[in-house]
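Work through the exercises below with the structure open. Try each task before reading its solution.

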Amino acid sequence: MSELVRDSRDERRTGITWGDVELGDNRITVLGKNQERQHLQLPEQAHPAIERWETVLDPPADSWPVFPTLHAPSLHSQLPDDAEPGDDLLAALREHDARPPSISVNGVRSILKRLCDDGDIDVDGPKDYLTPHGARRGVGEFLYRNVGFEAAQRALRHEDPSTTSEMYSHIEASELAEVSSEAFENEK
């Protein structure tokens with residue numbers, strides 16, 4: 001998550017901008033965990049939502065964050081002192097050629113918690129809401145089950161295959177139990 005949005009613990013992680021999004025190539029460019037710029041996959045299923053969000057946000061420049069904060073004091077802080085923003089802070093930022101900051105990792109967590117609470121969504125895990133890391137693990141599990149170990153490892157960018165293997169060992173054990181059950185089905 002800290003590759004997509006602002007991370008207050010790392011001044012280099014300021015969030016992805018519209019210039020980092022390449023729908024035609026199905027990728028986004030991020031500052032990876034290795035502190036180098038990396039290309040990440042962007043499934044075509046995400047394109048319509050991203051295109052709609054770009055239309056709604058109406059960023060005036062590629063330097064605008066894809067996921068700006070909507071925290072009013074943070075937006076106000078980006079405006080010139082003499083600006084009279086009115087009700088639409090994003091419009092005021094556009095008018096004054098100012099850039100909103102990206103939402104923070106903590107801001108994303110807060111939104112996910114609120115959405116889970118409002119939707120009465122039960123989450124199985126150490127937190128009572130879907131965390132960004134939990135969402136990432138869910139994607140990894142889906143890929144592991146549907147297209148295999150190697151696809152999950154590449155998509156999650158695990159350098160060490162044992163990381164992926166350990167993370168999804170419960171799936172392998174379950175699948176092996178199924179295979180064993182079928183093999184011994186006719187045995188008494």
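Buried residues make up 32% of the 188 residues in the protein chain; buried means under 20% relative accessible area, exposed over 50%, and partly exposed in between, with a 1.4 Å probe and protein chains only. The model is predicted: local features need pLDDT of at least 70, side-chain atom pairs count only at pLDDT 80 or more, and totals for chains, interfaces and linings use all residues. Residues are numbered from 1 along each chain as its sequence is written, and side-chain values use heavy atoms, with hydrogens and water left out.

**Exercise 1. Lay out the fold.**
Task: State how many helices and strands the protein chain has, and in what pattern they follow.

Solution:
- Step 1. Count the elements: eight helices and three strands. Helices (H or I, at least four residues) and strands (E, at least two) are DSSP runs, numbered from the N terminus.
- Step 2. Read along the sequence: the pattern is β-β-β-α-α-α-α-α-α-α-α.

**Exercise 2. Assemble the sheet.**
Task: Give the strand order and name the edge strands.

Solution:
- Step 1. The three strands form an open sheet in the order β1-β2-β3, with antiparallel pairing. Two strands pair if DSSP finds at least two bridges between them.
- Step 2. β1 and β3 (37–41) are the edge strands, since each pairs on one side only.
- Step 3. β1 and β2 (residues 27–31) run antiparallel and are joined by two bridges. Glu 22 stands opposite Arg 27 in β2.

**Exercise 3. Find the buried face of α1.**
Task: Which residues of helix α1 (residues 47–57) are buried, and what do they pack against?

Solution:
- Step 1. His 47, Ile 50 and Leu 57 are the buried residues.
- Step 2. Look down the axis of α1: these residues fall within an arc of 100°, so they line one face. The arc is that of the directions from the helix axis to the C-beta atoms.
- Step 3. Recall the geometry: an α-helix has 3.6 residues a turn, so residues three or four places apart point the same way.
- Step 4. On the other side of α1, Arg 52, Thr 55 and Val 56 are exposed.
- Step 5. The buried residues pack against β1 (21–22) and α3 (89–95); contact means heavy atoms within 4.5 Å.

**Exercise 4. Check positive phi.**
Task: Is Asn 26 buried, partly exposed or exposed? Repeat for Asp 97.

Solution:
- Step 1. Asn 26 sits in the loop between β1 and β2. Its phi is positive, about 55°, although Asn 26 is not a glycine.
- Step 2. Asn 26 is partly exposed, because its relative accessibility is 26%.
- Step 3. Asp 97 lies in the loop between α3 and α4 (105–118). Its phi is near 55°.
- Step 4. Asp 97 has a relative accessible area of 73%, so it is exposed.
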